[in-house]
Amino acid sequence: MGLTKAVMGAPHLHKPPIYRVIIAQLIVTVCVACVLLLHSVVTAYSAFLGGLICLIPNAYLAKKAFQHSGARAAKQIAHSFYKGEAVKLGLTALLFALVFGFVEPLNVFALFGTFILVQTVNWFTALLLKL
């Protein structure tokens with residue numbers, strides 16, 4: 001009975017609300033694209049694509065890395081994270097290749113600028129997860 005009570009009373013580890021980071025990245029992407037729409041449509045969709053090239057692989061990694069939880073799943077968590085990071089890098093390269101191969105005209109400065117800006121949202125992950 002003591003063991004059952006101890007296990008039942010143990011705090012449950014919850015998965016971090018990582019979706020907040022993805023939502024923040026989406027908000028930054030849309031806001032930048034909307035502001036740049038004042039400049040031109042090409043600049044706006046280039047910025048939007050740059051944001052998506054960052055956001056989509058990050059969303060994949062977040063889903064993959066946090067599919068397991070708990071101390072017993074530590075090995076699975078590490079494996080999922082490394083696999084997710086490898087796929088994220090490959091997916092990022094693929095998305096850049098697709099955009100450069102199929103989107104014309106393209107504002108490269110807006111594409112890379114927004115990609116970098118959306119990537120900087122990751123710097124504030126700890127802050128976003130505390131909200």
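**Aromatic contacts and nonpolar packing in an all-helix model**

Phe112 is partly exposed, with a relative accessible area of 34%. The value falls between the 20% limit for buried and the 50% limit for exposed residues. Like every value in this section, it is computed from a predicted model. Phe112 contributes to a nonpolar surface patch of about 350 Å². Phe100, Val108 and Ile116 make up the rest of that patch. Helix 5 gives the most to the patch, supplying three residues. Phe100, in contrast to Phe112, lies in helix 4. Its relative accessibility is 42%, so Phe100 also counts as partly exposed.

The overall fold is considered next. The protein has six helices and zero strands. From the N terminus on, its elements run α-α-α-α-α-α. Of its 131 residues, 30% count as buried. The exposed surface amounts to about 8700 Å². Carbon and sulfur atoms supply 75% of that surface. Among contacts with a separation of 6 or more, 71% join residues that are 24 or more positions apart.

Aromatic side chains were then examined. The structure holds four aromatic pairs. In one of them, the ring centres of Phe100 and Phe112 are 5.9 Å apart. The two ring planes meet at 35 degrees, so this pair is tilted. The angle lies between the 30 degree limit for stacked rings and the 60 degree limit for edge-to-face rings. Phe100 belongs to helix 4 and Phe112 to helix 5, so the pair ties together parts that are twelve residues apart in sequence. Phe100 and Phe112 also join Phe96 and Phe115 in one aromatic cluster. Phe96 and Phe115 are, in addition, members of the largest nonpolar core.

That core has eight residues. Besides Phe96 and Phe115, it contains Ile53, Cys54, Leu95, Val99, Leu111 and Val118. Three helices each supply at least two of its residues: helix 3 (41-65), helix 4 (74-102) and helix 5 (108-120). Another core, of five residues, lies apart from it. Ile18, Val21, Ala24 and Val121 are among the members of this other core.

Within the largest core, Ile53 has a broad list of partners. With residues up to four places away in sequence not counted, Ile53 touches Leu95, Phe96, Val99, Leu111 and Phe115, and also Thr92. Thr92 lies in helix 4. Thr92 counts as buried because its relative accessibility is 14%, below the 20% limit. Leaving aside neighbours within four places in sequence, Thr92 is in contact with Ile53, Pro57 and Phe115.

Two further threonines are buried. Thr29 is found in helix 2 (residues 19-36). Its relative accessible area is 0%, so Thr29 is buried. Beyond four places in sequence, Thr29 is in contact with Phe48, Gly51, Leu52, Leu55 and Val118. The C-alpha atoms of Thr29 and Phe115 are separated by 8.5 Å, although the two residues are 86 residues apart along the chain. Thr114 lies in helix 5. Thr114 counts as buried because its relative accessibility is 3%. Its contacts, not counting residues up to four places away in sequence, are Val32, Ala47, Gly50 and Gly51. Gly51 is thus a contact of Thr114 and of Thr29.

Phe109 is also placed in helix 5. In contrast to Thr114, which is buried, Phe109 is exposed, with a relative accessible area of 73%. The C-alpha atoms of Phe109 and Gly50 are 9.6 Å apart. Along the chain, 59 residues separate this pair. Gly50 is also among the residues that Thr114 touches.

The connection between helix 4 and helix 5 has a backbone feature to note. Pro105 lies in the loop between these two helices. The peptide bond from Glu104 to Pro105 is cis, with omega near 0 degrees. Most peptide bonds are trans.

Methods:
Residues are numbered from 1 along each chain as its sequence is written. This is a predicted model: local features need pLDDT of at least 70, side-chain atom pairs count only at pLDDT 80 or more; totals for chains, interfaces and linings use all residues. Side-chain values use heavy atoms; hydrogens and water are left out. A nonpolar core is a set of buried Ala, Val, Leu, Ile, Met, Phe, Trp, Tyr and Cys residues joined through side-chain atoms within 4.5 Å. Buried means under 20% relative accessible area, exposed over 50%, partly exposed in between (1.4 Å probe, protein chains only). Helices (H or I, at least four residues) and strands (E, at least two) are DSSP runs, numbered from the N terminus. Contact means heavy atoms within 4.5 Å. Patches are made of residues with over 30% relative accessible area and no salt bridge: like charges are joined within 9 Å, nonpolar side chains (Val, Leu, Ile, Met, Phe, Trp, Tyr) within 5 Å. Accessible areas come from the Shrake-Rupley method with a 1.4 Å probe; for residues, only the protein chains shown count as cover. A salt bridge is a side-chain nitrogen of Lys or Arg within 4 Å of a carboxyl oxygen of Asp or Glu. Rings of Phe, Tyr and Trp (its six-membered ring) pair if their centres lie within 6.5 Å; planes under 30 degrees apart count as stacked, over 60 as edge-to-face and the rest as tilted.
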